[in-house]
Amino acid sequence: MLKAPQSLAQGRHYLAIPGPSVVPDRVLQAMHRPAPNIYTGELVEIVESIVPDLKAVARTRQEVAMYIANGHGAWEAALSNVLSPGDRVLVLATGRFGHGWGDIAARLGAEVERLEFGNAAPADPDVLESALRADTDRRIKAVLAVQVDTSTSVRSDLAALRAAMDAADHPALLMSDCIACLACDRLEMDAWGVDVMVTGSQKGLMTPPGMAFVFFNDRAEAARDRAACATSYWDWRPRTRPDGFYQYFFGTAPTHHLYGLREALDMLVGEEGMEAVWARHAALARAIWAAVDAWGAAGPMRPNIADPTYRSHAVTTILMGAPDGKRLQDWVSAQAGLTLGIGLGMGDATDPNSEGVFRIGHMGHVNAQMVMGMLGSIEAALVALEIPHGPGALSAAATVLARQG
Ligand SMILES: Cc1ncc(COP(=O)(O)O)c(C=O)c1O
């Protein structure tokens, strides 16, 4: 007689957290090589070829500086190149990460003003416009937006924020954190009037954590002339106009990351193309939302962002009440080989550790069968744990995917 298995988790594990994301085998294989020469040869050519492809991903013709850093490093790099102590910045807080960026600005000596939009709404352009109109002596030097806040999964409309700044005729820089969503949600940096954009290697760029990127235009470069916070390491000038290869990274280059990133950019820009990358993320996100809606029809599960217009295509935050969010995460990890993202900063007095919240990362190297497997595993958990849920979730998701063909 067959014995019931202890766990069905053996096999390839799926890390469906909102970053770091799944690293494609091709990227891993590109990194698996002997240490290259850092002074001449292939590595130099790779760096020079990466720059235009990064700009293609961000839809910009302006500059990009590369750093050996994570997203926090990108935040500090961007701010230090445009601020002086005492400058005022306006943070558009749509979750935990906007506040985090504001905290870094405060440590640099900036005066930080925060517009709080809560945990379930995008930044409101009208509120921004009023705040900027009220700044009659133009003390605000930069508006810090987060295109997708990974804690809440809300997506703000950067073009609308730029329009609000223009309507207020305010000269502040529009700076955006696109760490969660670059190469997942559409971004048109130049067309949308984003002056500074920061991101990292570990999400839509499908490369391990460890590289950070700051994109900036000539308005931001003009601010750099006055920025007293700039330091040798974070200075974006030598990195974008290097006098010798070593200046790209102000020291030893992140050799193996560069091979990995080259491969990832081949996949994104050279092969799939950005329009198709964005369309894939949109389709997969809609399939996930269709399943969540079906489960929620007769149970506690619901997406954190009610209006799909403001949902990210890279990450979805789901509310279901404590302790079931945590129970579900534990079950799929132990029984199905699937890691979902924890709730981040979404708790309250009844749920201080956000145990009623989980997040699905659907960014980067993700396809239809991964999403269907992930949704099927969640459905199995709902059944096993006897958490109430509506029927038809997998069929709803499959229908969304079928209609994309
Ligand atoms: C939107 C956003 N900003 C900033 C960060 C911070 O990046 P890191 O953890 O790489 O420092 C993250 C990380 O998840 C993020 O999602």
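Let me start at Gly 71, where a backbone N or O atom lies 2.8 Å from an oxygen atom of the ligand; please keep in mind throughout that what we have on the screen is a predicted model. Two side chains also come up to ligand oxygens: an N or O atom in the side chain of Gln 202 is 2.8 Å from an oxygen atom of the ligand, and a polar side-chain atom of Lys 203 lies 2.5 Å from an oxygen atom of the ligand. Taken alone, the ligand would expose 390 Å², and the protein buries 87% of that area.

If we widen the view to the full set of surrounding residues, the ligand has around it Asn 70, Gly 71, His 72, Trp 75, Phe 97, Val 148, Thr 150, Asp 177, Ile 179, Gln 202 and Lys 203. Sorted by class, that shell holds 4 nonpolar, 5 polar and 2 charged residues. As for where on the protein this takes place, the ligand sits in the second largest pocket.

Which helix gives the largest share of the shell around the ligand? That is helix H3, residues 71-80, which supplies 3 residues, and I would like to stay with this helix for a moment. Of the 10 residues of H3, 8 are buried, so the helix is largely enclosed by the rest of the structure. Those buried residues are Gly 71, Gly 73, Ala 74, Trp 75, Ala 77, Ala 78, Leu 79 and Ser 80. Two of the names on that list, Gly 71 and Trp 75, we have already met around the ligand. At the start of H3 there is one further detail, where a side-chain oxygen of Asn 70 reaches to within 3.1 Å of the backbone nitrogen of His 72; both Asn 70 and His 72 also belong to the residues that surround the ligand.

Let me turn now to the backbone, and to some places that stand apart from the general rule. Most residues other than glycine have a negative phi, and most peptide bonds are trans. Against that background, a cis peptide bond joins Gly 19 and Pro 20, with omega at about 0°, and Pro 20 lies in the loop between strand E1 (14-16) and helix H1 (25-31). A cis peptide bond also joins Ala 322 and Pro 323, again with omega at about 0°, and here Pro 323 is found in the loop between strand E12 (315-319) and helix H11 (324-336).

On the phi side, Arg 138 has a positive value of about 55° although it is not a glycine, and this residue is in the loop between helix H5 (125-134) and strand E5 (140-146). Met 206, also not a glycine, has a positive phi of about 60°, and its loop runs between strand E9 (196-200) and strand E10 (211-216). Are these two residues buried or exposed, or something in between? Arg 138, at 27% relative accessibility, counts as partly exposed, whereas Met 206, at 2%, counts as buried.

Strand E12, which I mentioned with Pro 323, brings us to Thr 317, a residue found in that strand. Thr 317 has 0% relative accessibility and therefore counts as buried, and its side chain reaches the backbone oxygen of Ser 151 at 3.0 Å.

Helix H9, residues 255-272, is where Arg 262 lies. Why do we call Arg 262 buried, charged as its side chain is? Its relative accessible area is 14%, and the cut-off for buried is under 20%, so Arg 262 falls on the buried side. The side chain of Arg 262 is joined to that of Asp 266 by a polar contact of 2.7 Å. In an α-helix, with 3.6 residues a turn, residues three or four places apart point the same way.

Gly 270 is found in helix H9 as well, but at 60% relative accessibility Gly 270 counts as exposed. Gly 270 and Asp 53 are 217 residues apart in sequence, and 8.6 Å apart in space from C-alpha to C-alpha.

I will end with another pair of that kind, which takes us back to the first cis bond I described. Gly 364 is found in the loop between strand E14 (357-361) and helix H12 (368-384), and with a relative accessible area of 1% Gly 364 is buried. In sequence, Gly 364 and Gly 19 are 345 residues apart, while in space their C-alpha atoms are 9.2 Å apart.

Note on methods:
Residues are numbered from 1 along each chain as its sequence is written. This is a predicted model: local features need pLDDT of at least 70, side-chain atom pairs count only at pLDDT 80 or more; totals for chains, interfaces and linings use all residues. Side-chain values use heavy atoms; hydrogens and water are left out. A residue is near a molecule or strand if one of its heavy atoms lies within 4 Å of it. A polar contact is a pair of N or O atoms within 3.5 Å; within protein, one must be able to donate a hydrogen and the other to accept it, and residues adjacent in sequence count only if both atoms are side-chain atoms. Accessible areas come from the Shrake-Rupley method with a 1.4 Å probe; for residues, only the protein chains shown count as cover. On a 1 Å grid over the protein atoms alone, a cavity is a set of points where a 1.4 Å probe fits but cannot get out, and a pocket is an open set with protein on both sides within 12 Å along at least five of seven lines; lining residues have an atom within 4 Å of a point. A molecule sits in a cavity or pocket if more than half of its atoms lie within 2 Å of its grid points. Helices (H or I, at least four residues) and strands (E, at least two) are DSSP runs, numbered from the N terminus. Ala, Val, Leu, Ile, Met, Phe, Trp, Tyr, Cys and Pro count as nonpolar, Asp, Glu, Lys and Arg as charged, and the others, Gly among them, as polar. Buried means under 20% relative accessible area, exposed over 50%, partly exposed in between (1.4 Å probe, protein chains only).
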